[in-house]
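Hello,

Here is the structure I promised to pass on. Please have a look, and then read my notes underneath.

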Amino acid sequence: MAALSADAKIMADLLAALTHPDTNAIRQAEAALKPLLKKPACVPVLVEVINARETLVRSARLDFLKFWDVNEAIRHVATIVLRKRISSHLKSFDANTKNALKAELLNILSVESSRPVRNGSVALVATVCKSEAEADVDSSGGAGWPELFRFVAAAAGDAHPEARELAFLLLGEMTETIGEHLKPQFETLANLFGSALKDAEPKVQNAAVKALGLLMSYLADESGQIDIFTPLVPGVLTVAEACRARHDEEVVSTVLDVLYDLTYSPSQSLGAYMGPIIQYCQLCMADSNLEMGVRDSAALVVATIAESRPKHLGRDTALLNGVLETIFNLIENSEGSAAGALFESNPAWKEDFEDQEGYEDNEGGPTETSMAQGTLDMLACELPKKYIFQPVVQRCVSRLGSQDANHRKAGIACLGVIAEGCAEQLRDHLNELMPHVFRSAGDPDARVRECACFALGQLSEHCQPEVLSYSSQILPIVFALLDDANIAVQATSCYVLEMFCERLEPDGVRPLLDPLVKKLAAMLEATTKRSVQEMAVAAMAATAVAAEEEFAPYVPGVASLMSKMMDLKEEKMYSLRGRALECMGHIAIAVGKEHFRPYFTGTMKCACEGLAFDSTDLHEFAFAAFANLAKVMGDEFAPALPELVPHLISVINQDEGRYEPAEDGEGGEFNALDDSDDEDEGGNMVMHIRTALLESKKGAITAIGEMAAHTGASYLPYVEETMTALMGAAENWHPLIKMECADAMPSLVVSVVAKEHNGEIKWEKGDVSGASPLSPPTAAVTNAVLGQLVGLMQDDSKEVVGKACEGIQSVLELCGPHAFASIASSCLENTHAILSKQAPCQQMEEYEEEFGEEDDDHDSFMTHVCDLVGAFARVMGSHFVQYLPQFLPAICGYAKSSRPSSDRAMAVGCLGELAQELGSGIADHWQSVFYPAAIAGLADSDDSVKRNAAFCIGVSCEGLGEAVTSQYPAMLQALSPLFGVDASQGDTSAACVDNACAAVARMIMTSQSHIPMGQVLPVMLKAMPLKSDMTENETVYNCLLGLLHTNNADLAANKVELARVFGLAAADDSKVDDEIKDKLKLALQSLS
C-alpha cells in the first residue's frame, strides 16, 4: 500500500494522540485538529487515514501498543471525527466530488475487516445519507443515495453472514432517514427484516432485531406506518428468547426498550401481540440469570401495558393470572423485606438494617421484591377492578393459610400493595379481610409481622373512613407491635400509626392516647436507629392531629424532645431534624393558636435556619412548616412575610432543568470536535432535570398559597409578584407543579377579598345585571386567576384538571356571578368536554374504545368536575337552566348501572345539587332525567348512591312543590327500604338513613297533605337522631318543630318517641348546632 500523504500523516498523528490516556495530550490534539477540521480538505485526508489498513503508525507515546492495534484505533477515531464534520462540508462539494466520496465510502464498507472501523464507517455512511436525503426532498426512492440502498439490498442477500449483518447495521444507523424519507419502501424493508429474523446466523438475527427495533420505536406514534412492521413482533420475540436463553443481555435489553416504546403506540394491531409480549416479559422477570436492571425493564413493559391497554389486559384472564403468579412467586422466593418499599428512599433504612436478616440491597437499584411489588401496584391502579381485585385477593387469602412463612409473607404484602389501586373494593370487603390482617400481625415469623404492619398502614392510608371503625382492634395491636423484638416491625408499626391516626377523631384515639404518647416518647429516647426515630416522630405527629386539643397537655414534653432534634446539624441527621420540624407543624394544627403560641418562635427559627443548609430535604420540611404555621397563626404569621415571600418566589422562579456539558456517553466521543464548536456554542450540551428542586418548588408553592390564604390583607403587597411567579410555574412541564399552582392561585383572591371586602363579597345568585360587587383590584386578580385555571382545564394530566376545577369552584363561590362572566363560555365548554370524555387529559382512553365504557373505573378527578357543575348552578342560578340539555346527558352517562358505584354516586349527587340550586328550573327535565335517576338510585346496591338519591328526591320535591305531589306515593315507597339499612355498618350506611329522613322531612314541609303522616312519622322518628350527615339536622328538626308548633295530631301521637329524639339531639355531647339545640330544649319543656 502507498505511504500516507504528508497531510494524512499529520492527521494520523493527531488522531493517535486522541487514543492516548493522557488528558493534556488529548486537549492539545483537539486544539490542533480544530482548524484543520474546519476546512473541506480534511474530508479526503480523513478518508485516506481510514483506508490505511496496512500502514504502521509509530509514535513514542504509543510504543506500548501493538502496531495493528494502534492502526485500528486511529482509523476508528478517523471515522468518528469525519462523521462529526461531514455534514457541514458536504454542502461545499460539487456533484462529482460527492459521488466519488460516496463510492469510496461504500468501497470501505465492502472490504473493511476491522469491526470497530467498520462500525464507525457504518455510522459515517448513515450521516452522509441523512444529509443527502435532507438536501434532496424528492428522494423517496433512495433518500438521495440510491446506490447505498442497492448496496444494502445486495448485502442482505449475500452468502457471507458478515455482509448480511452489515446490511442491518446500516439500516439501524439510518433509522431516522428511513423513517422520514423511505416510507414508500416500508413493505420491501419489512420483507427484508422478516427474512433476517429467520437467518441461521445469530449475529445477523441480532443486528436485524436491533435495526428493526430502532425503526419500530421511531414509528411507534404513527399507527399507519407501524402497522406494516407489527407482524414481525413474533419473530423479534423468538430471537429475543434465544438471546435470553444464552444470556445475551444486550439484545434482550434492546428488545425490551422497543417493547416499552410500543406500549403507548396508538396502533390497534399491536393488541394482537400483547399476549406473547407479556409472556416474554414474564420469563425475563423470573430469570435470575439476567441482571436486575434487565428484569426490571421487563416488568416496566408489563406495567406500562397495564397503563396503556388496561381493558385489553384485564379481559385476558389466563394472561393476567400468569402475570400475577409470576409476581407472587417472586415475592415468595425473595429474601428481601416485602415492606422495604416504605423505606427505599430513606438512607437511614439502609444504614440501620443492612445487617438485619432479610435485608435486600441492590446498591440503589431495583430488587426482586421492589420489581414485583411495583408491577402489582401498577396493575392494581390501572386495570379495571372487576378483573384485578378478586384474582389478587384470592391469591392473598390462599397464601395466608399456608404453613410456609414465605407464602404468608407474600399474601399479606400483596394485600397491602393493592390498597391504593383497589381502595374502593377493599373498603367494601374489610369485614372479610381485616381478620386475616390481624392474624398476620401476630404471626410467629417477623417478616410476616412486618408485612402485616405494611398492609395495615396501606389500608389505613387508602381505606378511609371505613377502616376507622376498626380502631379498637388496630390500635392495641399496633401498640403491642411497637415493643416487637424486630426493629423493622417497630418501624413499620410507627408507619401504621401515622397513616391510621391522620383522620382518626379524638374519640378514637382517646383510650390509648396517654400510653401511646409515652411509648413513642420512650422509643425516641431509647433507640439509636434513625429510621425508627423518624417513623416514631411521624407517628407522634399523626397522634397529635388525631387527638386535636386533647394533645395540649403533652405539648411541653413532646416539644422538648423535638427541640433537641431540631438542633441537629450533622448532614446524615437532616432528615430527622426535618421530621421533628414537621411534627411541630402538625402539633400546631392539632392544638391551635393559643396552645402553640409559646413554641411558635422556636419552630420558626428552626425552619428559617434550615433554609441556610445545603439540603433540599430540609428546605421542603421548612416550607411545609411555614404552610402549617401560617394556617394556624394567621395574622400573627404576617411579620415573617417580608423575609419569606421573596425567598419562596425565588425558589418558584428557579429552573429545575439546565443545560450542562455532556458527559461521556451522553453526547458521544470527542465532543470538542463537533460542528457546534465552530459556532462557539460550547460543544454538546444536555438537559439535566434536578428532581430535588422540583420538590422544593412544589413545597414553596404550597407554603406561599397558605400564607396568602391565612394572613389576610397583610399578604396584599405580595399578590402581584406571587401571581407572576405562579403563572410562570403553571407552564411547568411537571404535573405536580401545575397542581400546586392550581391549588395556590385561589388563595391570592382570598387575600385581596380580605383587604378590599373585609373577607366577604355579598353577591346574589344569577344577578349580573347590576353593578359588580367586586372592587377593581379584586376583579383584576380574580380574572387573572380564573383565566389561568380555565387554561389548566385543558392540561393532559387528570390530576391537574381536577385541581383546576376545584380552584375555579372556590373562586366562583367566593366572588359570585360577576367573576364568572369573563370566563363563562370557555369554562362551560371545557367542563362539558371533560364530562363527555373529549378533553386532552382523556385522549389515552381512545386506545381502547373497542371495549366501550363497561370496564371503566371511577376517575377521582371527575368528582371535582361534577362539583364544579353544581357550583355553576349555585352561582348562575336560573341562567344555568339553558345549559341543562347539554350537560344532563353527559352527567347521566355516569349514572348507568354498568358504571362503578363511585360514578353512580357522583352523578346522582350532581343531579341533587342541580335540583337544590335550580329549584323549579329542572321542571322540564324532572320526568325524563331527575325522577328516573333518583328512583333507580334508591334501589341501588350501594349506600352512597342511595343517600345521594334520597337527597335528590328531597330537594327536587322542595323545589318543584305541588307539581310532583302525585308521585309522592311512589317516592315514599322507594325511600322506605332505606330506613331498614343498618346504620351501624359505617358512616355511609348511617348517612343513607339520615338522608332518607331529610328527604321525607322536605316532602312533609312541601306538601304535608300528600303524606300519610300516621305511617311515616313513626318510621322517621325511630331512625333519629341523625348519626352521620349532620348537615341535614336543620332540615329534619325544623320539620318536626314546625309540626309541633301546629299541634299536628300524628306527631302528638308519637310524643314519647319525639321526646327521646329531641333529648338525645339536645344533649351536651350531641353534634347538633347550639342554635338548634336551644330550640329543641324549649320544645322538650312543652313535651314534658
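Below are my notes on two buried residues and one charged surface patch.

This is a predicted model, in which local features need pLDDT of at least 70 and side-chain atom pairs count only at pLDDT 80 or more, while totals for chains, interfaces and linings use all residues. Residues are numbered from 1 along each chain as its sequence is written, and side-chain values use heavy atoms, with hydrogens and water left out.

Let's start with A441, which sits in helix α24 (residues 430-441); helices are DSSP runs of H or I with at least four residues, numbered from the N terminus. A441 counts as buried because its relative accessible area is 6%, where buried means under 20% and exposed over 50%, with partly exposed in between (1.4 Å probe, protein chains only). Leaving aside residues up to four places away in sequence, A441 touches R449, A452, I477 and L481; contact means heavy atoms within 4.5 Å. Between the C-alpha atoms of A441 and V489 there are 9.6 Å, although these residues are 48 apart along the chain.

Next comes D943, in helix α46 (residues 943-960). D943 is buried too, because its relative accessibility is 18%. Its contacts, again not counting residues up to four places away in sequence, are V981, T988, S989 and C992.

On helix α53, by contrast, E1075 is exposed, at 58% relative accessibility. Helix α53 (residues 1074-1087) gives three residues to a negative patch, the most of any contributor.

Happy exploring!

Note on methods:
Helix = DSSP H or I, 4+ residues; strand = E, 2+ residues; numbered from the N terminus. Patch = residues over 30% accessible without salt bridge, like charges linked within 9 Å, V, L, I, M, F, W, Y side chains within 5 Å. Areas by Shrake-Rupley, 256 points an atom, 1.4 Å probe, with all protein chains shown as cover. Salt bridge = Lys/Arg side-chain N within 4 Å of Asp/Glu carboxyl O. Lys, Arg positive; Asp, Glu negative; His and termini not counted. Charge placed at Lys NZ, Arg CZ, Asp CG, Glu CD.
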